[in-house]
Each structure stands twice: as C-alpha cells, then as structure tokens.
Amino acid sequence: MRHIILSVAVLALVAALASAGTVHAEEPDSHDLVIGDPPPCGDDSAVTLSAVDCSGVEPVDALGPIAPEIEAAAAETARVESALVASEGPEALRKNCRFHAEVSLYTDSDWNRLAQNIAAQASHCADYYISIPALTANKTMPRQDQAWRIRALGPRFHAMAEAHLTAWQNWVIANGRTWLEAGQEFRRRMATAGYDVASGDLWAMNEVPSAVRQNAGQSRRNLLDFLRGLYEGDASTGSVKGLVFVVGLGQRTQNLSVYLGNMRGWLSDGTFWVAADAYVRFWAQETYGDVRAWGVADAPRMTRARHIVEYVMHPLTLARAGGERTAAAEAFFRRAYLPLANAAWKWRSGFGYTDIDHLVMRHFLSEQVHAIRHDAGTKPADGPSGRLGFAWAPENVPNEADFPAKTAGLQQRLASAFANAYAQGGGSQMGACGEPGSHDWCEGVVEGAAFNDAWTAFSTWSGA
C-alpha cells in the first residue's frame, strides 16, 4: 500500500510539472546562468564601478563647457597625427618611444570633455581608449552618436562601448538565452550604435564580480561564454578583443586572507586563463587607491610609489610568485594586465576615499602615474609595459558651483602626467610629476594617512 501511495504521488507531481509547461533538458536552470552580482551598495570593503549605479549619477557627455583653447589644441592633435599616419603609416606615431602607452579610461560621465582635455596634450607614444556608459534606461543598449566624437580626436583615440554585466545577466535569464548569444547580441547593438572595431573601437565589460574568483557555480564558464560572444560577434560584426573590468578590494583592507586564498585558486585555474587569452585584450583590475593610504607626510616619493605599486599590481605579482601552477595566468597577465588606478573625485567609498581638496587630488593623480610608469621601467619585459588606466567618475555631492572648473583641472593634470611620463625620446616617471625639471605635483599630503603593508603578502605564494 505504501508503494502504491508513493507511486500515485510521483505521478501527480509529474502531471503537475507537465501542466506547468514542458522543461527541455537543453534549457539550463536559471541558477546555472548566473555569473554573479556586484557588491551591495554601502559595502566599504569593495572598490567597484557599481558605486556609480548606487549613487544615481546621471551620465552627461560633458560636465561643463570645453575651453576654446582646449578644443583648438585637440583639433590640431587630430590634424597633425592623421596627416602623419596617412603619409607614413601608424608606426610613425611610435618613433623614439620607449613604451607604447595604452591608456584606458573608464567614465561614468563627462567622457567627451575628458577626451578633449587628454587630446590637447596627447603624447605621440600613447593610444587612448575612452569608455562610454550604456543608456541609463536600458543598460543593454550602447549609447549612440558618441563613438565618432572620440574617433574624431585622431587615430590614437578609440571608443569603448560598455557591456553592463548585471543588465545582460538579467537579459539572459529573462529571455532563456545563452551567454554566448548575449555577447553576440551586444556586438550587433554596438555596431548599430556607431562603434567601429575596424577603426579601433572596443567593447568594455563592466564588471567581473567576486563570485568568479570564488568559483561559485558555473560563474567562470558563463563568463567565458559571454567573453567569447563579445569577441566573436557574428558574421556582420567581425571579431575583436576587448577590455574586462574586475571588481577589487579597498587599499586599506587589513585582513586579506580570504581574498588571497581566492586569488590563488583563481590564478591556478590554467584552463580559464588560456581561454580568456583568446578573447581579452585588456584585463583591468580595479585598484582604486585610497588617499588615506597614500599621502603620508615626510615619506619619500619612492616609498609612496612602492606602496601604490604593491596595491595596483598585486594580481600580476601573485601570478609571478605562483610558478608553474600559475604559468597560464602569468602569461596572460604579462600581455593583458592593466592596473586601473583612481581618478574618481570626491568619493568616500566605492572608489576608495578621495574626498579631499582638488589640488591635493592632482598630486594623487600624478603620483599614481609616476608609480606605474616607474614599475614598468624597472621590468619592461614582465608587464604591464605601457598599459595603465584610470576610472574617471566625478561626484559633486555638495553641488559646488566651481566643480566643473575643478574637474577640468584634474583632467588637464592627468593629461600632462600621461604626456610627459610617456613622452617621445624615452620619457621617465618623473614626467608625471610636472614639466621637465619640476616635481611640483608629487608632494601631496593627507592628514592622518598611513601606509598599509598587508599587500606585500601577494609577493610570495607561501601559505597556500
């Protein structure tokens, strides 16, 4: 009797499922389609581009007017370099360059003004990649009528279309589609919006969540499928490698044991890194420095630079330390790793802490470029070579009337640091600190600042 009752119950369950609709074996459960979610709003331990979504910042292409002299200088850059490439080819722009700088700039807003200020002082030795945020109302849609404005600044300026991971995750689950299809669909929408990969435009995936380094569920497999779709596109779009943003941990974090263990596990997953290498051009770890871990009074410039490098380079440093077990990750990072530093002002969390005077922020920008350029110069064959990036995310919480003018000054300081640190004729890290012979912009101080030595743990593999 007991067996009969159980059989009847099973048949009833099967009938109920059938009445709810047939589930095909090839259709994955929605839980298997998840890559992961961004850190929750208010998580002070994370440094993440999702802070922009939490803040409700409304994207605009320029926070204020672009000075006529800046527009004129940017236009002259475009004219001269376009003519040079037309007559001598693209390699003409890299003559006498110790490094070919590849500068990637995340923007949540103000992308056209930032690009104009960069172009006004651009180095012949650099290519600049400017990300443009997706539409606020539908983050699966790239923003139209913008990419050409970046390309108009000359042959070394390229637009990147934001592929917003959370929005596409929702699209995959809601529509019962695969991650490969999501990537391919994004590329179609990217082309429709005016991005031209043949002219150097890229996609930029925002952002890899912590679930991937934790190896939760099918997160790594799903991520690789999305990256493959973004890379391949379809027959109408052509293939192109793009940029991947990766959520990180704040510079002042003291207990890094769990994070370090997860990073060791991820870097040891050689299959993942070999696959990623086929799809990714730049792997941008979000290492948004905290001014409270930088502006230590009376500290020598190179001491400050060392602490910046320990933080912004920690994934590559750990991959080097892992030996054979991380050989695939190290090879990938040597080619693709890009330290994503901090030009977000004025934030209290999400982008580290940068709620400081705009003049002190100029010093912070300069010293980050100085440190990354110095590190590249000490080991030119090991990476990241000339790759570096910054997150530009202005937040005017107090609604200061002169905020546009102050942020324009930050953009111009950043542009000058790039141009002089990666200048023709060799350049040097000291170029980031000011014009030749001047070190005025590498002297900032933040009251109460203290270095965090916890990041030295990434220089060895011990304890694994």
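**The barrel**

Begin by selecting the strands of the sheet: in this predicted model, eight strands close into a barrel, and their order around it is 2-3-4-5-6-8-9-10. The pairing between them is parallel. On average, and with direction ignored, neighbouring strands of this sheet are turned by 25° against each other.

Next, select residues 101-107, which form strand 2, together with residues 126-132, which form strand 3. These two strands run parallel and are joined by five bridges. Within this pair, display glutamate 102, which has aspartate 127 of strand 3 standing opposite.

**Helices against the sheet**

Add residues 165-175 to the view; this is helix 6, which packs on the sheet. Helix 6 touches strand 4 (157-164) and strand 5 (202-208), and its direction makes about 45° with that of strand 4.

Then select residues 403-421, helix 16. Which strands does helix 16 lie across? The strands in question are strand 2, strand 3 and strand 10 (387-392), and helix 16 runs at about 180° to strand 10.

**Helix 3 and helix 4**

Move to residues 68-88, helix 3, and residues 111-120, helix 4. The two helices pack at an angle of about 65°, and their axes are 7 Å apart. That angle makes helix 3 roughly perpendicular to helix 4. The crossing in which helix 3 passes helix 4 is left-handed.

To see the contact itself, show the side chains of Ile70, Glu71, Ala73, Ala74 and Thr77 in helix 3, which meet Gln116, Asn117, Ala119 and Ala120 in helix 4. Of the residues in this contact between helix 3 and helix 4, five are nonpolar, three are polar and one is charged.

**Around helix 14**

Select helix 14, residues 327-336, along with helix 11, residues 270-277. Their axes lie 8 Å apart, and the packing angle is about 30°. Helix 11 and helix 14 are therefore roughly parallel to each other, and their crossing is left-handed. On the helix 11 side, the residues to display are Gly270, Trp273, Val274, Ala276 and Asp277; on the helix 14 side they meet Ala328, Ala329, Phe332, Phe333 and Arg335. The contact of helix 11 with helix 14 comprises seven nonpolar residues, one polar residue and two charged residues.

Keep helix 14 in view and add helix 13, residues 314-321. Here the packing angle is about 140°, with the axes 8 Å apart. Helix 13 and helix 14 are therefore oblique to each other. The crossing of helix 13 and helix 14 is left-handed. Pro315, Leu316, Ala319 and Arg320 in helix 13 meet Ala329, Glu330, Phe333 and Arg334 in helix 14. In this contact of helix 13 with helix 14, five residues are nonpolar, none is polar and three are charged. Ala329 of helix 14 may be highlighted, as it appears in the contact with helix 11 and in the contact with helix 13.

**A salt bridge**

Side chains of opposite charge can pair when their charged atoms come close. In the whole structure, 28 salt bridges are found. One pair to select is aspartate 53 and lysine 139, which form a salt bridge with their closest N and O atoms 3.5 Å apart. Aspartate 53 lies in helix 2 (residues 50-55) and lysine 139 in the loop between strand 3 and helix 5 (147-151), so the pair ties together parts that are 86 residues apart in sequence.

**Glycine 377**

Continue to glycine 377, which is placed in helix 15 (residues 358-378). Which residues does glycine 377 contact, leaving aside its neighbours within four places in sequence? They are Arg98 and Phe99. For a sense of distance, select alanine 152 as well: from glycine 377 the separation is 225 residues in sequence and 32 Å in space, C-alpha to C-alpha.

**Backbone details**

Most residues other than glycine have a negative phi, and most peptide bonds are trans. The last stops concern the backbone. Select asparagine 206 and glutamate 207: the peptide bond from the former to the latter is cis, with omega near 0°. Glutamate 207 belongs to strand 5.

A cis peptide bond also joins glycine 383 and proline 384, where omega is about 5°. Proline 384 is located in the loop between helix 15 and strand 10.

Finish at aspartate 110, in the loop between strand 2 and helix 4. Its phi is near 70°, a positive value in a residue other than glycine.

Notes:
Residues are numbered from 1 along each chain as its sequence is written. This is a predicted model: local features need pLDDT of at least 70, side-chain atom pairs count only at pLDDT 80 or more; totals for chains, interfaces and linings use all residues. Side-chain values use heavy atoms; hydrogens and water are left out. Two strands pair if DSSP finds at least two bridges between them. Helices (H or I, at least four residues) and strands (E, at least two) are DSSP runs, numbered from the N terminus. Axes are lines fitted to C-alpha atoms, for helices over the stretch in contact, and angles run from 0 to 180 degrees between N-to-C directions. Contact means heavy atoms within 4.5 Å. Angles under 35 degrees count as roughly parallel, over 145 as roughly antiparallel, 65 to 115 as roughly perpendicular and the rest as oblique. A crossing is left-handed if the near helix is turned anticlockwise from the far one by less than a right angle, and right-handed if clockwise. Ala, Val, Leu, Ile, Met, Phe, Trp, Tyr, Cys and Pro count as nonpolar, Asp, Glu, Lys and Arg as charged, and the others, Gly among them, as polar. A salt bridge is a side-chain nitrogen of Lys or Arg within 4 Å of a carboxyl oxygen of Asp or Glu.
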